[in-house]
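Me: I have not looked at this one before. Can you walk me through a few local features?

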Amino acid sequence: MNVSLAKDLSVYQLVMGVQVPPKPLSLSPATLLSLVRAQIDLLIEQQIVATLWVKLPPEKIWQSELARYQSSVGVSSLIYTCQIDESGKGGDGEAGEDQGGGVAGEKNTPLSSSSSSSSSSPSFPHHVPVYLSPDSQMRRENFLMVLSPQFCSLILAHRPLKKRKNKTSGKVSTNKNQPLLIINTLEGRVIQQVLDGIEQAITPESSPIPVDFICATVPQGELMNQLFVKQLLRQDEINRQIITVRTTKLQQQNQELHNKEQLKDEYLKNVCQELRTPLTHMKTALSLLNSPNLKPPQRQRYLHMLNTQCDQQNSLITGLLELVQLERNLEKTALESVRLSDIVPGVVSTYQPLAQEKGIMLAYTVPTELPSIWCVSGGLRQIVINLLHNSIKFTPNGGEVWVRARIQGDYVQLEFRDTGIGIAESEISKIFDRFYRVRTAANEDYGGAGLGLTIVQQLLVRCGGSISVKSKLYEGSTFTVQLATVGETPKAIAI
């Protein structure tokens, strides 16, 4: 049995068309849900067999109320469900604007028998779909109308279509944040007006529906009292659910803030420790320089220590400022299209003098036909500088360093390979940590702030790239960077 409407219809307009219409109240979707549940509770408790006219959101939280009623009362009830005609190509067109969808504290999971669009309908016994046109005014309305000799009611939610003008573009757009207007009435004259309007709009070829139903003018006082109590209980229940969800969310936010504070404290502690170490060495050197019996070679050694530790201090401060600036602005920094052949050769030529000084063979292979990649503005140069600098620094005199690029699926792969001191397997997981510095078995400190690889990783995460390491102690290391090509949308990860 199918029912179609021959003309457009608005239940809200029918209600407001009666003499002295009920006043709509601006209420929340949670209140709408409590009203629906209270009425279903009353119908079930009193075992009232009724005809229901409904248009509710498709989510399970709403449709389960209808299933709960029909499973309790049985096959005697009849449900007319208004839905957008699927032949209209696209259904509602405003799915997600159905009033009452998304109540705090509830998970809106579609029924297995219906899709999540507003054109879907639940599968109930004695269920009659009422098809609406795709541009029906009813798409902005939801309602539950109960018709029985003992009890009649109407719950109606309407979101007015108010337009606003964009100050920047001057274009007029729909404001989807308009208040939800809810009418909850037991007045027979109002409900009869709606029922009559629906009956007049039904097409002649539709299956016949009961047309002789007359709503009771005055509902029974006892039923009204029971309904009032159930509404209070349901509203209290939903309020408690909302409070629980909000409390849980606040607790999670507080825990996240606490964790961030702990990380910040640990970070500051590490910063202070790293800055204090060079100062301790400098203070020791200055103290020794004051010795009256100091010989020239010793003086020269202490002066060299001072110079080295000053450089270390400067490197730490510069690295910290660079990392702080990067973390502060990285998420806001736009990605740019850049070619490796425009960046890598220039950086390699800059490091050639240093490589020659150490007797290191430095070479690169970057085909010009490689596609452009996505990277943070200026980030690719920083990545190449940091990785190439590390390769040369940790490669002994007479070693070799290669930089190679090639296409790998949807990525361009950039490889830095050296014959340096390598990294112990147990240390590889630490090298991207802040302030981590590689030391040999003799505990030789190669200097630096220990922030270069941290910065590289941050830049790659922002542009959807990645970095991996293969290394063997005293045999060298290979750092492999993957960067998304411009043909692919970079999958940036929040930092």
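What follows is a short chat about a helix, a surface patch and some backbone angles.

Me: What kind of model is this?
Reply: The model is predicted.

Me: OK, start with α7. How far apart are its end C-alpha atoms?
Reply: They are 20 Å apart. Helix α7 covers residues 344-357, and at 1.5 Å a residue its 14 residues should span 20 Å, so the two values agree.

Me: Where does α7 bend?
Reply: At tyrosine 351, by about 40°. Proline 353 follows within four residues.

Me: And which residues of α7 are buried?
Reply: Val344, Val347, Val348, Tyr351 and Ala355. Tyr351 is thus on the buried list and is also where the helix bends.

Me: What do those buried residues pack against?
Reply: Two strands, β14 (400-408) and β15 (411-418), are among their partners, along with β12 (361-365) and α8 (379-393).

Me: Anything just after α7?
Reply: Glycine 359 takes a positive phi of about 70° there.

Me: Which residues other than glycine have a positive phi?
Reply: Tyrosine 474 is one of them, with phi of about 70°. Glutamine 47 has a positive phi near 50°. Most residues other than glycine have a negative phi.

Me: Where is glutamine 47, and is it buried or exposed?
Reply: Glutamine 47 lies in the loop between α2 (29-45) and β3 (51-55). Its relative accessible area is 41%, so it counts as partly exposed.

Me: Same for tyrosine 474?
Reply: Tyrosine 474 is in the loop between β16 (466-472) and β17 (476-484). It counts as exposed because its relative accessibility is 55%.

Me: Changing topic: which residues make the nonpolar surface patch?
Reply: Phe228, Val229, Leu232 and Leu233 make a patch of about 410 Å². Leucine 232 is in helix α5 (residues 221-289).

How values were computed: Residues are numbered from 1 along each chain as its sequence is written. This is a predicted model: local features need pLDDT of at least 70, side-chain atom pairs count only at pLDDT 80 or more; totals for chains, interfaces and linings use all residues. Side-chain values use heavy atoms; hydrogens and water are left out. The expected span of a helix is 1.5 Å times one less than its number of residues. The bend at a residue is the angle between axes fitted to the seven residues ending there and the seven starting there. Buried means under 20% relative accessible area, exposed over 50%, partly exposed in between (1.4 Å probe, protein chains only). Contact means heavy atoms within 4.5 Å. Patches are made of residues with over 30% relative accessible area and no salt bridge: like charges are joined within 9 Å, nonpolar side chains (Val, Leu, Ile, Met, Phe, Trp, Tyr) within 5 Å. Accessible areas come from the Shrake-Rupley method with a 1.4 Å probe; for residues, only the protein chains shown count as cover. A salt bridge is a side-chain nitrogen of Lys or Arg within 4 Å of a carboxyl oxygen of Asp or Glu.
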